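Please walk me through this structure, beginning with its charged side chains and going on to its strands and helices.

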Amino acid sequence: MKTRGCKAASGKAVGRPRSSLGPTLSFLSIAALPLAIAPAAEPATPVTSVTAETGLVQEAQVSPAQLFEIASAAIEKGNLDFAERALRALAKNPDVEIRTEARFRLAMLLADSRDDAAGAAILLRQILDEKPEAQRVRLELARMQAQMGNMRAARRELRAASAGGLPPEVEQLVRFYAAALNARRPVGASLRVAIAPDSNINRATTSDSLETIIGDFDLDEDANAQSGIGLSVQGQAFARQKIDSRATLVARANISSRLYEKGRFNDVIASFLAGPQYSSGRDTISFAGSVSHRWFGGDPYSFGFGVSGNWRHPMGERTQLSVDGALIYTDDRQNDLRDAERLSLAAQLDRAFTQKAGGGLRVSTYREFARDPGNSEVGAGVSAFAYREIGSTTAVARAGYNRLEADERLFLFPERRVDDRFNASINVTLRALRVGRFAPVVGIRYELAKSTIEIYDYQRVAAEFGITAAF
């Protein structure tokens, strides 16, 4: 197998297999983009070593530079288990330069020889937590995210790398890499599980009565706001099959659920979509057909099917524009008068401000045609988000506003429905507390809805304490 040289802490070349993504990604090893890690100096305190030929622990004392050389020799001889143990030992060194070099080499070994992109991504993220200016590491992290199917995260890392400044020749290769992201992992999955305390699990009014044109009606308990602690589970699995050099067939399954002790409020949504994705220059265009099913309280709530499309266009090295559109038909299993066709359109702008911070703006609109004009509606919204990496913690803040207007007044209500909705949230991923591939996540969300129809007024505060992982 051919190998590519990577400058080691000792100054010697360490062989490693070529990237599984092929020559399009080979720029990650070029000398034009150094690792930004100083050569490891000989420390005064030696470390315990192991024998390259046998992989057994020895009592002989060697320096980190010597152990790097031993690990390199083990890789050249194909003794990857020994090399991994040696590099993991060096990755615990108190010297930041030594452990950074060890983590980087170990990440490359896991990614290119063990087919373990997730394990490599964890190590690369640990490096960036301590050295956010390490551009080559960030680009390798983008490659790992792409292999795991986390394309949004991969493109975000590319924009962050460009925000830090790159040599002109490397910028060209980064653009080439961004256009080649279709060559990625064929299957993958992600999972997020959280305990979710919620002040209003059914998004209901706090009012005890409802005003109508024939008088006020008392609302039963289930129509009032209910608090509770639930289990939030969100999962995704995907598969890709390359059609030709520019086209890929993508299939994706999603599930989102909130489960409560009061089972009548359980909310489960499952969906499946599949379709082709095309690359044209730096742009990506995708189309998909989709089906979805929702259950509430264990009973069928709605069934939907339709088509959607997405166009993604880089605007410079730090900014990306994406446009989404969809046409969905929904069969409401609770009320036939709410069966509707929905046409939606949205545009989002994402930008990396610095290597450790970024944000974006999204505007959206939709038109829904229901059987009953009182249930037909038009809506629009705007939202913004910002993220910031603080050491080994990533914080994401969001805020948004949406307005809904019904076509006509429903028979029972004195006014036509008009809603104004506000939301804000913050989520934090605590990578310092990671266990294996699982990292803790903490979040809180606030929602406020004001409506001309009292039953649609509500306030909600919800929190999440859970874990997230990609496979």
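A network of salt bridges links D198, R203, R445, E447 and R460 in this predicted model. One of the pairs in the network is R445 with E447, whose side chains meet in a salt bridge at 2.7 Å, N to O. The two partners do not share one environment: R445 is partly exposed, with a relative accessible area of 32%, whereas E447 is buried at 6%. The cut-off for buried is under 20% relative accessible area, so E447 falls within that class, and R445, at 32%, falls between the limits for buried and exposed.

The pair D419 and R421 can be read in a similar way. Their side chains form a salt bridge with an N to O distance of 3.4 Å. D419 has a relative accessibility of 1% and counts as buried, while R421, at 32%, counts as partly exposed.

A further salt bridge lies within a helix. R105 and E101 both belong to helix α3, which covers residues 96-113. An α-helix has 3.6 residues a turn, so residues three or four places apart point the same way. R105 and E101 are four residues apart, about one turn of the helix, and their side chains meet in a salt bridge of 3.1 Å, N to O. Both ends of this pair are buried: R105 has a relative accessible area of 6%, and E101 has one of 3%. Side chains of opposite charge can pair when their charged atoms come close. Counted by the rule used here, the model holds 31 salt bridges.

Helix α3 also contains D112. This residue has a relative accessibility of 13% and is therefore classed as buried. The side chain of D112 is joined to that of R143 by a polar contact of 3.3 Å.

Helix α1 is formed by residues 64-76, 13 residues in total. From its first C-alpha to its last, α1 reaches 18 Å, close to the 18 Å expected at 1.5 Å a residue. Which residues of α1 are buried? They are P64, A65, L67, F68, A71, S72, A74 and I75. Just after α1 comes G78, which takes a positive phi of about 85°.

The next part concerns strands. Strand β8, residues 228-242, pairs with strand β9, residues 247-259, in the antiparallel sense over 12 bridges. A hairpin of four residues connects β8 to β9. Within this pairing, V233 has S257 in β9 as its bridge partner. On to the next strand, β9 pairs with β10, residues 267-280, again in the antiparallel sense and over 12 bridges. Here V250 stands opposite G275 in β10. β9 thus has antiparallel pairings with both β8 and β10. In a regular strand the side chains alternate between the two faces of the sheet.

The last stop is a loop. G316 sits between β12, residues 299-314, and β13, residues 319-332. Is G316 buried or partly exposed? G316 is partly exposed, with a relative accessible area of 41%. Along the chain, G316 and S162 are 154 residues apart, and their C-alpha atoms are separated by 9.4 Å.

Key
Residues numbered from 1 in each chain as written. Predicted model: local features only at pLDDT ≥ 70, side-chain atom pairs only at ≥ 80, totals over all residues. Heavy atoms only, no water. Salt bridge = Lys/Arg side-chain N within 4 Å of Asp/Glu carboxyl O. Helix = DSSP H or I, 4+ residues; strand = E, 2+ residues; numbered from the N terminus. Buried < 20%, exposed > 50% of the residue type's maximum accessible area, 1.4 Å probe, protein only. Pairing = 2+ DSSP bridges. Expected span 1.5 Å × (residues − 1). Polar contact = N/O pair within 3.5 Å; in protein donor to acceptor, adjacent residues only side chain to side chain.
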